[in-house]
Amino acid sequence: MKIDLEARSQEKYGRPLAELDDSAICAMLEDIVREHAATMPLNEGKRRLYYLSAEFLIGRLLTNNLIELGVYDDVKAQLASAGHDLGAVEAREVEPSLGNGGLGRLAACFLDSIATLGLPGDGVGLNYHYGLFHQRFVDLQQAAEPDGWLDRQDWLVRDEKAYTVEFGGFSVKSRLYDIDVLGYVRTTKNRLRLFDLESVDDSLVPVNSIDFDKGELAKNLTLFLYPDDSDDAGRLLRVYQEYFMVSNAAQLILDEAMERGSNLHDLPDYAVVQINDTHPSMVIPELVRLLVDVHGFEFDEAVSVVRRMVAYTNHTILAEALEKWPLESLKTVAPRIAEIVIKLDELERAENGSDDAVAIVRDGVVHMAHMAIHYGFSINGVAALHTKILEDTELHPFYELYPEKFSNKTNGITFRRWIMDANPALSGVLDDVLGTDWRTSCDLSGLLAFKDDDAVLARLDNAKTQAKASMREFLWETQGVRIPEDAIIDVQVKRIHEYKRQQMLALYIIWKYLDIKNGNIPARPLTIIFGGKAAPAYTIAQDIIHLILLLSRWIAADPVVSPYLQVVMIENYNVSAAERVIPAADISEQISLASKEASGTSNMKFMLNGAVTLCTLDGANVEIADLVGDENIYTFGTSSKEVERLYAEHAYDAHAHYLRPGVKLLVDFITNPAFLALGNAERLHRLHDDMAWKDWFMALLDIEEYIQKKEQVLADYENRDAWRKKSLVNIAKAGAFSSDRTIRQYNEDIWHL
Ligand code: C3B
């Protein structure tokens with residue numbers, strides 16, 4: 001692809017390139033990419049993948065697309081010669097907030113890899129007008145505001161396909177938008193297909209508030225990702241959203257299969273559906289419904305067709321995230337779907353002679369995961385440990401029924417975004433040292449040969465310094481905080497959740513603060529960076545944010561401690577922020593309670609960018625530890641087996657741990673009088689009491705070992721040569737976590753495209 005920006009500038013704006021501002025250039029580049037993508041043919045193949053997901057956390061697209069098209073360097077050079085900085089242009093793009101956390105970002109990495117491998121597969125989801133909320137910090141607390149990205153940004157291309165979705169008592173018309181998904185230096189593409197409501201009404205959303213009228217379904221269904229589901233109205237709205245998503249998806253799938261010659265009896269030869277967590281699992285009864293009610297299939301044959309074409313991924317063992325909907329809700333939302341679900345339940349009970357433990361409908365509640373396992377041909381976990389826990393404990397009765405359906409697919413990340421886009425300095429070093437093959441092979445193991453090569457180690461170190469400079473600039477511009485140049489950068493970025501244990505890192509901060517106060521002056525400054533949003537209805541998570549913000553302010557105001565310790569909580573952490581922060585990190589915090597983090601994917605991004613991991617043996621951390629070896633990672637904490645035992649036997653006594661002198665001091669600091677005066681006393685007391693009496697995710701169990709390990713990490717950091725080697729080994733071994741590898745495995749074992 002050839003681009004002449006000067007000519008294009010004259011044509012679009014009638015002005016020379018040098019005179020355009022960054023927004024105009026951004027819009028122009030988006031046009032160029034969109035127009036070019038429109039000419040690219042789709043990846044072809046008889047069987048097409050439909051990756052169904054409630055979330056696609058795609059991030060900004062411009063840079064990524066320029067990289068995929070292989071024109072990034074050229075565009076950058078043309079802009080530079082007209083006096084423009086591509087980085088500043090990129091910053092004009094508004095990030096679509098179509099996802100929440102790891103699951104949504106994984107879906108985005110997968111789309112990139114599917115396209116890069118040239119496989120025929122599209123993402124299907126919803127076009128949320130406000131996505132997830134925009135996070136602001138007001139009075140040291142999280143405030144949630146609507147994030148209307150659509151009117152500020154538009155990669156969406158209107159597709160002429162539209163369907164009718166029948167709900168109980170009314171029906172709505174949909175509208176489909178596509179975003180082209182390019183693969184790295186491929187001439188063919190895929191799409192992300194986002195369904196919207198024809199009759200959606202943005203004016204239902206008040207200015208600066210995410211509380212909207214949940215009653216007007218025909219107008220509000222696609223306004224928000226995850227409406228507050230702490231009440232019945234919110235929960236019901238989610239079921240409506242989910243049914244809207246899967247009904248459209250199922251109609252699209254049948255439509256396209258028929259267009260390509262399917263008689264529907266052979267549908268599995270034309271389509272395979274990956275159900276990304278339970279949110280899209282109603283696609284199963286919806287496909288059955290369409291085959292029976294619209295296409296005249298017998299129920300049994302419809303079921304047999306559907307059984308051969310849907311596969312399910314489980315992303316968590318947390319009970320709250322394994323969706324269970326009241327049968328009554330299904331009856332309200334889609335009465336025919338409720339009927340089919342009941343029949344599927346009866347059929348399953350008859351076939352397996354099984355008991356309530358694996359039932360789809362039990363006590364008036366529909367277990368979505370159970371339906372997906374019984375009627376899907378495949379179920380996978382997302383890291384080796386997670387899959388093992390599914391097989392041995394959480395889903396054990398299902399594993400006994402269908403051992404052949406289970407498999408592991410350890411998550412991955414796309415190297416195009418997470419080095420080439422996010423870390424140009426490191427990318428350049430890799431090009432020089434390894435040649436450019438790594439961009440597609442994702443094999444970085446060649447670096448190991450340079451483990452004792454001072455020149456290469458120095459270049460990697462220099463790349464880290466550049467990434468830190470870029471992060472410092474970002475944090476100054478967007479958050480107004482200055483980071484010392486020589487600080488160790490220690491990062492925990494992810495959704496705020498007790499199981500991820502941000503509160504444990506907060507306790508470490510308290511410990512460190514007191515330690516410095518006691519005269520133990522660190523060798524150099526430590527900057528601890530958090531980022532993440534808390535679900536609006538998740539009170540304790542909000543309390544944790546409050547504590548972190550309070551610590552940040554408290555320490556910044558302390559003249560003795562602040563030169564050595566800094567706490568930063570990034571406001572509105574998103575993909576764009578991740579791209580600036582992750583490359584700069586020295587320490588990757590992956591400290592979830594063992595067994596609870598299904599995989600984690602930021603752990604992989606940090607490793608790839610040369611951070612050293614400080615972690616519990618949870619999720620994919622276990623695999624990282626196996627790969628890099630003991631000397632290149634820091635692990636601590638109670639094992640997942642022991643954690644499972646403690647839960648099973650109700651043997652964890654939070655209060656006993658709280659009463660240990662070293663621990664009590666830290667927890668009680670949360671409610672010290674100065675904090676209560678400066679912060680929100682209700683939040684602080686609640687958090688304190690929760691930790692002292694409940695501590696459901698056992699932060700107090702691991703805190704002392706964690707502090708010890710962290711101090712070890714900081715001491716080891718001072719041995720700069722040894723640390724650089726650790727960093728090199730981490731990068732070299734990260735190839736295993738390329739999402740291209742993950743997608744190859746999905747394709748070989750599940751999709752067979
Ligand atoms: C997340 C899990 O919490 C992570 O461990 C995992 O790496 C990712 O999914 C991707 O597999 N997850 C999430 O972000 N949202 C959910 N509802 C469930 C799991």
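**Ligand site and second largest pocket**

In this predicted model, a backbone N or O atom of Ser599 sits 3.0 Å from an oxygen atom of the ligand. The protein covers 93% of the 420 Å² of accessible area that the ligand has on its own. Side chains also approach the ligand. An N or O atom in the side chain of Glu597 is 2.6 Å from a ligand oxygen atom. For the side chain of Tyr499, the corresponding distance to an oxygen atom of the ligand is 3.1 Å.

The shell around the ligand comprises 15 residues. Leu103, His315, Asn411, Glu597 and Gly600 are the closest. By class, the shell holds 5 nonpolar, 8 polar and 2 charged residues. Domain 1 (47-61 + 96-409) and domain 2 (421-737) both contribute residues to this shell, so the ligand lies between them.

The second largest pocket was examined next. Its volume is about 490 Å³. Four elements each give two or more residues to the lining of this pocket: α13 (368-375), α14 (384-394), α15 (396-401) and α25 (640-648). The lining is made up of 25 residues. Among these, Ile317, Leu318, Ala319, Leu322 and Glu394 lie nearest the centre of the pocket. The lining of the second largest pocket contains 14 nonpolar, 4 polar and 7 charged residues. Both domains take part in this lining as well: at least three residues come from each of domain 1 (47-61 + 96-409) and domain 2 (421-737).

Technical notes: Residues numbered from 1 in each chain as written. Predicted model: local features only at pLDDT ≥ 70, side-chain atom pairs only at ≥ 80, totals over all residues. Heavy atoms only, no water. 1 Å grid on protein atoms, 1.4 Å probe; cavity = no way out; pocket = protein on both sides within 12 Å on 5 of 7 lines; lining within 4 Å. Points joined across faces, edges and corners; volume = space filled by probe spheres on them. Nonpolar A, V, L, I, M, F, W, Y, C, P; charged D, E, K, R; others polar. Domains from an automatic or database assignment. Near = heavy atom within 4 Å. Polar contact = N/O pair within 3.5 Å; in protein donor to acceptor, adjacent residues only side chain to side chain. Areas by Shrake-Rupley, 256 points an atom, 1.4 Å probe, with all protein chains shown as cover.
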